[in-house]
Amino acid sequence: MSASLQALTANDLLTGEVVFRSMEGWTPRFADAQLFSDPLDARAELDLAVLETVRLADPYLIDVALTDGLPSPTSFRERIRALGPTVREDLGPQTEGGPLVDALRHSHAAARSSGRLGLIRKR
Amino acid sequence: MQMLIRLEAGRFVRAADDFITLAAEGDPPADGGVIVPLAHWAEMGERLLSEGREVGVRLTSADPVEALLPVLERLSVVAVEFPIFRDGRGYSAAVLLRTRLGYRGELRAVGDVLVDQAWNLVRCGFDAFETNASPEQFAASAHRFRHVYQASADDRPPAFVERETV
Amino acid sequence: MYSYDTIDAAMLADRNAEFRDQVARRLSGDMSEAQFKPLRLMNGLYLQLHSYMLRVAIPYGSLNPSQLRALAHVARRWDKGYGHFTTRQNLQFHWTRLSDAPDILDHLATVGLHAIQTSGNCIRNTTSDPFAGAAADEADDARIWCEAIRQWSSFHPEFTYLPRKFKIAVTASATDRAAVRAHDIGLVLHRNDEGRLGFEVIVGGGLGRTPFIGKTIRDHLPAEHLLSYLTAILRIYNLEGRRDNLYKARIKILVDSLGAAAFAEKVEAEWVAMDRARIDLPDLELARIRASFGLIAHKSDPGGRAAFEADKASDRAFSRFVRNNVSAHKHPDYAIVSVSLKTIGDTPGDASADQMDVVADLGEAYGHGDIRVTHAQNLVLPHISLRDVRAVYEKLSAAGLATPNIDLASDIIACPGLDYCALANARAIPISQDIARRFADPDRAEQVGELKIKISGCINACGHHHLGHIGILGVDKKGEEFFQFTLGGSGAEDASVGQALGPAVPADKVADTVDRLAAAYLDLRAPGERFLDTVRRLGVAPFKAAAYADADPA
């Protein structure tokens, strides 16, 4: 069984765009998201992100699984965040297309809704 | 000592707090102004008033203003708590104190008092504010709107009155 | 319609300057997110799934052409070329940026639009009958009173930090096109036996986790006392509404726990003690507001009426359009034309910037500058002379705005759902598209007739599913989208909360289920019965049997 993976996500405070922690910084491309296999590393990055109160809104960790070697959030909600609205395929990061976008769309890794903090998120 | 801003003759000024707010138990200081939490008024309120001091009452956001009716005329300060700035009960408490109960003494907003609520606080009748904001910031916030749509506890004429005079 | 005077314009300018300053202080780090968020919400800016969503207020659903064009401009310049009309007659832009918000608001202010109090625990946009001013059965023009409420509720210093959001709706017709009984306060304007104008005041309606139909606390409030009475209700709610539990903080919980009679007594006591003269609008101000409505001089035009009838007789498609999308006007030579934003297969309630411009042009050329938004996420041109209906129809058709489906099964109310909304558990839009495709054949849709389907992607019920003849609620079952059905809800004057049908259904079975329910209705209906009537007559049981016949166990 593969180790469970996590990624760190947030919204950009200025633009509201969905962003992911990458090796270089923060990116709107899920394809470039840094994947953490060690939950302590993930948590450390989250703690740092929480301090970036002028750059980021609401950072949190999400679960990621690999399907045919390509990563995808396990949560359906997080896949929509990474892609864009399923009803407007001409909008959002999904317009880039390519194998990773396909993987996000068709991943069967989701069975659990982790990555979501509850119906109404409390601060 | 907590910093206060007072609204005096239309101007916001930094002021020292001349009152000690009494904690749950404990004796009041020998002299000087004291503010008593409503919950402890029964034990010590009348006694303090009889000592010829300036006396005030502190209301939590759940305390009904009507409880002050018997003593309101003799109070120098009513402090209304905002446990968190978005608990808006203090605004109604203030409006009732000023308009229904006719209170004329100092009406002080205490607790989580933020500069962005200055406008609401002043319109609802508060004239003292426990805040670290500067008087200039507070004034700027309180004067944000040149007009008001509705009557409140202040004396600003609502838009429909202004329109009559045009 | 109401035009801003210098005072109204100054309010927007001052508010926008305040917000611009607050944004700057947030971005510089002077203000924390916890401090900024309530202020941001009170300017209608939500951080949603993909971006910031800006909710623009359309006061009582009323727009003039310049305003609609300004919304189109915002969509093009600062968003992605479209907007979404909501169940509270507002418009949402899904792709805005915090950094652009002050500029967007400044642009909207040039036409008297804003996003004030469209979110937050404050008094929200007051909604109303989209046919107000054109309906034959109204006691008065509800917009007059909505404008009075708009001003009274805007920046009300005492009621800015309520326990929870507060929604008011007003109708002046016995036919309730504003769902007033599902609002925190619903107002029904009427004339009493002496002919005096007054309000039935209904309090404590609401949807969400715990749906309630509102209770009448006053049968007849003299109209001139509207604002003081509302003040009394809000003050009691502000002081006594629960602040310890987010899910029990609406006024409906307070009214339910005290009982309507006890609540009414509290309101009366507060109202009687109040200095009402300071709060109620003077006659002069009411007259000023009134004077800005009802200025349209409707002209008799029997020739136009004849041409209209001839067109209907000779053109089947036009006739179908009129049958479904055109309603009777109080003047015999005029009509109320609905603009369907429910094109089969598209997102319900969405309009492109180009479509907004088309409707703006029609409002200007044919509609006396009067355009409305309905809580069913459609638009209305309420004053079209019969002579012009054909021309309007052709332009609407060319723009994809003439699907002949108002109040039919494909006229679905759907919230944005998990495709856009951070609160959602499931998607609503693709479900609505699946269902709509089943009723794409206009003959079948008309055969089934009036069938109000409402879909919410979560329990917050922004799709008003509790009030659907068929209500559909998306839920998350172990990470998969499932949908719970209710039947027999209504948001009209016969308001009722729908009853549960049975076990939740997976996404790919929802349209089948609706098909089966429609087929069952066609089998079971008595002459003249709508779907809702048959459900009410027979109860849920036969529909449940039809819906789950040979279904796999869940």
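Here a visitor and a guide talk through the contact between chains B and C and the nonpolar core of a predicted model.

Guide: Welcome! Local features here need pLDDT of at least 70, side-chain atom pairs count only at pLDDT 80 or more, and totals for chains, interfaces and linings use all residues. Residues are numbered from 1 along each chain as its sequence is written, chains are lettered from A in the order in which they are written, and side-chain values use heavy atoms, with hydrogens and water left out.

Visitor: What makes C:Asp8 and B:Arg163 a salt bridge?
Guide: The term asks for a side-chain nitrogen of Lys or Arg within 4 Å of a carboxyl oxygen of Asp or Glu. The closest N and O atoms of C:Asp8 and B:Arg163 are 3.1 Å apart, so the pair qualifies. Between chain C and chain B the count is nine salt bridges.

Visitor: How do you know how much area chain C and chain B bury between them?
Guide: Buried area is the accessible area (1.4 Å probe) that two parts lose on being put together, summed over both. For chain C and chain B that comes to about 3500 Å², with 58% on carbon and sulfur atoms. C:Pro157, C:Tyr161 and C:Arg278 supply 21% of the area chain C buries here, more than any other three residues.

Visitor: Why is B:Leu75 called a member of a nonpolar core?
Guide: Such a core joins buried Ala, Val, Leu, Ile, Met, Phe, Trp, Tyr and Cys residues through side-chain atoms within 4.5 Å, where buried means under 20% relative accessible area (1.4 Å probe, protein chains only). B:Leu75 belongs to the largest one, of 107 residues, and is among those touching the most other members.

Definitions and conventions:
Buried < 20%, exposed > 50% of the residue type's maximum accessible area, 1.4 Å probe, protein only.
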